[in-house]
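Here is a set of questions and answers to read beside the structure, taking one topic at a time.

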Amino acid sequence: MEIVRQSMLQAIESSQGTGHHADVAGLRVAGKTGTAEFDQHEAGSPTRRIKRAWFIGFAPFDQPSVALAVLIEDGESGGHTAAPVAGEILAGIFHRTHASTAGGGYAD
């Protein structure tokens with residue numbers, strides 16, 4: 001279990017982590033991103049492939065009190081679409097600054 005927890009932490013804290021857009025100033029966040037493709041079928045229309053971008057996570061890392069899941073229908077990817085939303089939610093819950101508004105910006 002500790003290997004999974006540490007991997008989820010690194011997904012956020014590492015600049016190469018897929019979830020680094022969920023980073024919140026002064027809060028250790030752990031999470032996992034993902035993107036699933038889905039074929040959307042509507043009567044009379046051609047099949048359309050969409051992406052479901054998601055993020056799951058928890059905080060604070062050492063003594064979790066909040067867990068969340070974010071799913072964005074037709075998003076770009078979990079790291080670029082869902083993780084920033086999760087960061088904003090966690091920043092609001094913990095009265096912190098989301099990294100995107102702390103001058104950190106998004107590098108990619």
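Charged pairs and the sheet

Q: Are E37 and R49 buried or exposed?
A: Buried means under 20% relative accessible area, exposed over 50%, and partly exposed in between, with a 1.4 Å probe and protein chains only. The model is a predicted one, in which local features need pLDDT of at least 70 and side-chain atom pairs count only at pLDDT 80 or more, while totals for chains, interfaces and linings use all residues. Residues are numbered from 1 along each chain as its sequence is written, and side-chain values use heavy atoms, with hydrogens and water left out. On that scale E37 and R49 are both exposed.

Q: How far apart are the closest N and O atoms of E37 and R49?
A: The two residues form a salt bridge, that is, a side-chain nitrogen of Lys or Arg within 4 Å of a carboxyl oxygen of Asp or Glu. The pair links distant parts of the chain, with E37 in strand β1 and R49 in strand β2, 12 residues apart; strands (E, at least two residues) and helices (H or I, at least four) are DSSP runs numbered from the N terminus. The closest N and O atoms of E37 and R49 are apart by 3.4 Å.

Q: Which residue of strand β2 meets E73 in a salt bridge?
A: E73 lies in strand β3, and its partner stands 21 residues away in the chain. E73 counts as partly exposed because its relative accessible area is 41%, and the partner, at 27%, is partly exposed too. With 3.1 Å from N to O, the side chain that meets E73 is that of R52.

Q: Which strands stand at the edges of the sheet?
A: The open sheet has three strands in the order β1-β2-β3, with antiparallel pairing, where two strands pair if DSSP finds at least two bridges between them. Each edge strand has a single partner strand, so one side of each is left without a neighbour in the sheet. The edge strands are β1 (30–40) and β3 (66–73).

Q: Over how many bridges do β1 and β2 pair?
A: Strand β2 covers residues 48–59 and pairs with β1 in the antiparallel sense. One of the bridge pairs joins Q40 to R48 in β2. The number of bridges between β1 and β2 is 11.

Q: Which residue forms a salt bridge with E2?
A: E2 is partly exposed, because its relative accessible area is 44%. Its partner also lies in helix α1, three residues apart from E2, about one turn of the helix. With the closest N and O atoms 3.3 Å apart, the partner of E2 is R5.
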